[in-house]
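Student: Please take a close look at one part of this structure with me, and then connect that part to the rest. I would like the reasoning spelled out wherever a residue is called buried or exposed.

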Amino acid sequence: MKFADRMWLWGQNPGSHHLIPTFKLSGHNRMDAITGCRHFNIPNCLRVVMPSGPEPPFDRETEKLSSLRQVVWSVVGSHGVSRNDDNNSDLEEVLRQAEKFPNVTGAVLDDFFRSPQDAAGGASPARHTLENLEKICSVLHNFPGRRLDLWLVWYDFQLVMDVTAYLKLCDVITFWTWQARELAMLENNFQKFLRLTPGKRRFCGIYLWDYGDGKPINSEMLRHQCEFCYHRMRDGELEGMIICSNCVADIGLESVKIVEDFLQHHSGEDF
């Protein structure tokens, strides 16, 4: 397997990030997920629903991605997709996509945990109950003909939360640093992440924009994160990286060129 085979794109509807005022994005985004994969030469996509869509059925979107090695569909969608709160989900639609398209290999829980503040005082730490997540996990793992994996998004600021029971049910844990300034703590936070995810497949998310603070990501911080993740992959602590996303890849950001160069430099290496 090559380095490029371990790369994934976080794929969402064009323009969906520009609809969120706190992100403070400029320009116009027209690049869709499959174009983003081709742009970065990435063969895998996590296709995630935003409040602006898509809504089931997902056939048209999955068809666009049918040439990729692997596609993982979101089962709840990002924060703001309220139709999938309170134990509702797109599970049946994801299963239908997996029946039609053999490159659909799993489902991902995006923005699944609440903030530590919102979960204080005994409130549930997650958008679904543990019992419902157990059901989702069982259905995916017992999919006819092949096992489907359950992926999870976990942010650095959520490391303080006791969510071990939820983590145990997931096959793949993806680690994201929400505010770019916290990349200064990447090594310490990553060590916590390792300790809390024994035996799990692990990926690290790479943002092209500082969504947490609504500004361009610091170039040196981004280079540091990319190199850090590369070496953790070499060490076997990370399986791969996820680039976020097509929604900012065509608006003229310096970060896009940095990641393009990084991926191109290592793409042909054996892993």
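Tutor: A residue is called buried when its relative accessible area is under 20%, and exposed when that area is over 50%, with partly exposed residues in between. The model is a predicted one, and the part I would choose is the loop between β3 and α3, where N84 is placed. N84 has a relative accessible area of 2%, and because this value is under 20%, the residue counts as buried. The loop between β3 (70-74) and α3 (91-100) is also the place of D86, and D86 counts as exposed because its relative accessibility of 66% is over 50%. The backbone at D86 deserves a second look, since phi there is near 55 degrees, a positive value in a residue other than glycine.

Two distances help to place this part in the fold. The C-alpha atom of N84 is separated by 19 Å from that of D149, with the two positions 65 residues apart along the chain. On the other side of the loop stands α3 (91-100), and the C-alpha atoms of E93 and G240 are separated by 27 Å, these two residues being 147 apart along the chain. G240 belongs to strand β8, which covers residues 240-244, and it is buried because its relative accessible area, 0%, is under 20%.

Other loops can be read in the manner used for N84 and D86. N41, found in the loop between α1 (33-40) and β2, has a phi near 60 degrees, again a positive value in a residue other than glycine, and it counts as exposed because its relative accessibility of 55% is over 50%. On the far side of β2 (44-47), the loop that leads to α2 (59-64) contains P54, and the peptide bond from G53 to P54 is cis, with omega near 0 degrees. P57 also has its place in the loop between β2 and α2, and the peptide bond that joins P56 to P57 is cis as well, with omega near 5 degrees. A charged residue in a loop can be buried too: D171 sits in the loop between α5 (164-169) and β6 (172-176), and it counts as buried because its relative accessibility of 15% is under 20%. The side chain of D171 is joined to that of R147 by a polar contact of 2.5 Å.

The open and enclosed spaces come next. The largest pocket has a volume of about 730 Å³ and a lining of 33 residues, among which S78, H79, D111, Y155 and W178 lie nearest its centre. That lining is made up of 16 nonpolar, eleven polar and six charged residues. As for enclosed space, the structure holds one cavity of 30 Å³ or more, and the volume of the largest cavity is about 50 Å³. Its lining includes T177, W178, Q179, Y207, D210 and Y211, and the full set of lining residues divides into seven nonpolar, three polar and one charged.

Some of these names return among the aromatic rings. Y155 and W178, which lie near the centre of the largest pocket, belong to a cluster in which ring pairs link W10, F23, Y155, F157, W176, W178, Y207 and Y211. W178, Y207 and Y211 of that cluster also line the largest cavity.

The structure holds 24 aromatic pairs. One of them is formed by F3 and F262, whose ring centres are 5.9 Å apart and whose planes make an angle of 80 degrees, an edge-to-face arrangement. The pair links distant parts of the chain, for F3 lies in the segment before β1 (7-11) and F262 in helix α8 (residues 254-266), 259 residues away. Both of these phenylalanines are buried.

Two arginines complete the picture of the rings. R232 lies over the face of F228, at 4.8 Å from the ring centre, and R234 lies over the face of F271, at 3.8 Å from the ring centre.

To return to where we began, the loop between β3 and α3 holds both N84 and D86, of which N84 is buried at 2% and D86 exposed at 66%.

Note on methods: Residues are numbered from 1 along each chain as its sequence is written. This is a predicted model: local features need pLDDT of at least 70, side-chain atom pairs count only at pLDDT 80 or more; totals for chains, interfaces and linings use all residues. Side-chain values use heavy atoms; hydrogens and water are left out. Rings of Phe, Tyr and Trp (its six-membered ring) pair if their centres lie within 6.5 Å; planes under 30 degrees apart count as stacked, over 60 as edge-to-face and the rest as tilted. Helices (H or I, at least four residues) and strands (E, at least two) are DSSP runs, numbered from the N terminus. Buried means under 20% relative accessible area, exposed over 50%, partly exposed in between (1.4 Å probe, protein chains only). A charge sits over a ring if NZ of Lys or CZ of Arg is within 6 Å of the ring centre and within 35 degrees of the ring normal. On a 1 Å grid over the protein atoms alone, a cavity is a set of points where a 1.4 Å probe fits but cannot get out, and a pocket is an open set with protein on both sides within 12 Å along at least five of seven lines; lining residues have an atom within 4 Å of a point. Grid points are joined across faces, edges and corners, and a volume is the space filled by probe spheres set on the points. Ala, Val, Leu, Ile, Met, Phe, Trp, Tyr, Cys and Pro count as nonpolar, Asp, Glu, Lys and Arg as charged, and the others, Gly among them, as polar. A polar contact is a pair of N or O atoms within 3.5 Å; within protein, one must be able to donate a hydrogen and the other to accept it, and residues adjacent in sequence count only if both atoms are side-chain atoms.
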